[in-house]
Amino acid sequence: MKLKLLFNRHFWWDFKYRVQCFFKPKQKWLTEVIPDTFCDKVELIPRLLFKCLEHYVEVECKQDHIYDIGYDWSEELKNGHVDQDYADDRMKRDKALLEAYNWIKVGRIEFDKQIDAAYPPSQNWDELFEKSATEDGYYELVVSDERSACYKEVFRLEKIKLDRDKECMHTIIKYHERLWT
């Protein structure tokens with residue numbers, strides 16, 4: 001570190017700010033979705049993106065000096081404060097973001113319930129495995145047609161959920177430059 005830095009006012013202001021942020025993070029709402037345990041990026045990326053949109057809709061857009069998401073721009077158009085292109089662009093963006101937000105808050109939870117209900121009922125280990133006909137001392141998994149059909153439905157529902165999650169993430173990324181207040 002250079003000696004000149006110790007006499008720089010900005011250096012000390014930045015140092016103080018970083019220490020304060022260490023003890024009181026400015027993005028506390030985001031650190032709550034990051035688990036303390038290991039989490040694969042496959043799960044972490046959607047969590048972060050979804051939480052960012054959730055915070056934007058529920059907190060940032062609810063401030064007094066901000067137009068809420070889904071705002072009706074007709075009054076501003078009539079008074080000449082904005083032009084039609086701006087209003088149309090905002091309404092298109094808000095509609096897409098609200099659809100993604102509704103999927104995250106409602107649709108995704110309902111879909112998880114459908115997936116959980118599609119799983120086959122639990123079975124006893126003795127029913128799941130039988131002695132191998134070819135190898136002594138070994139057991140083989142016995143899968144009934146009913147269980148196979150249940151898991152086929154689970155996989156189908158999980159694919160739909162993943163596709164909807166991707167659509168939401170694409171929407172968030174598409175409009176990420178406009179998610180500031």
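## Helix H3 and its surroundings

The buried residues of H3 (buried means under 20% relative accessible area with a 1.4 Å probe, protein chains only) are Leu44, Pro46, Leu49, Phe50, Lys51, Leu53, Glu54, His55, Tyr56 and Val57. This is a predicted model, where local features need pLDDT of at least 70, side-chain atom pairs count only at pLDDT 80 or more, and totals for chains, interfaces and linings use all residues. Residues are numbered from 1 along each chain as its sequence is written, and side-chain values use heavy atoms, leaving out hydrogens and water.

Helices here are DSSP runs (H or I, at least four residues), numbered from the N terminus. The expected span of a helix is 1.5 Å times one less than its number of residues. Here is how two of them compare with that value:

| Helix | Residues | End-to-end C-alpha distance | Expected span |
|---|---|---|---|
| H3 | 18 residues | 25 Å | 26 Å |
| H7 | 30 residues | 43 Å | 44 Å |

Cover for the buried residues of H3 includes helix H2 (28-31), helix H5 (84-118) and helix H7 (145-174). In turn, H3, H5 and helix H6 (125-128) are among what covers the buried residues of H7. Those buried H7 residues include Arg147, Cys150, Asp165 and Ile172.

Now to the largest nonpolar core (buried Ala, Val, Leu, Ile, Met, Phe, Trp, Tyr and Cys residues joined through side-chain atoms within 4.5 Å). Among its 23 residues, Phe50, Leu53, Tyr56, Val57, Ile69, Leu97 and Ile172 touch the most other members. H3, H5 and H7 each supply at least two residues of this core, and H5 gives the largest share, nine residues. Val57 is in contact (heavy atoms within 4.5 Å) with Lys62, Ile69 and Tyr101, not counting residues up to four places away in sequence.

Notes. Buried < 20%, exposed > 50% of the residue type's maximum accessible area, 1.4 Å probe, protein only.
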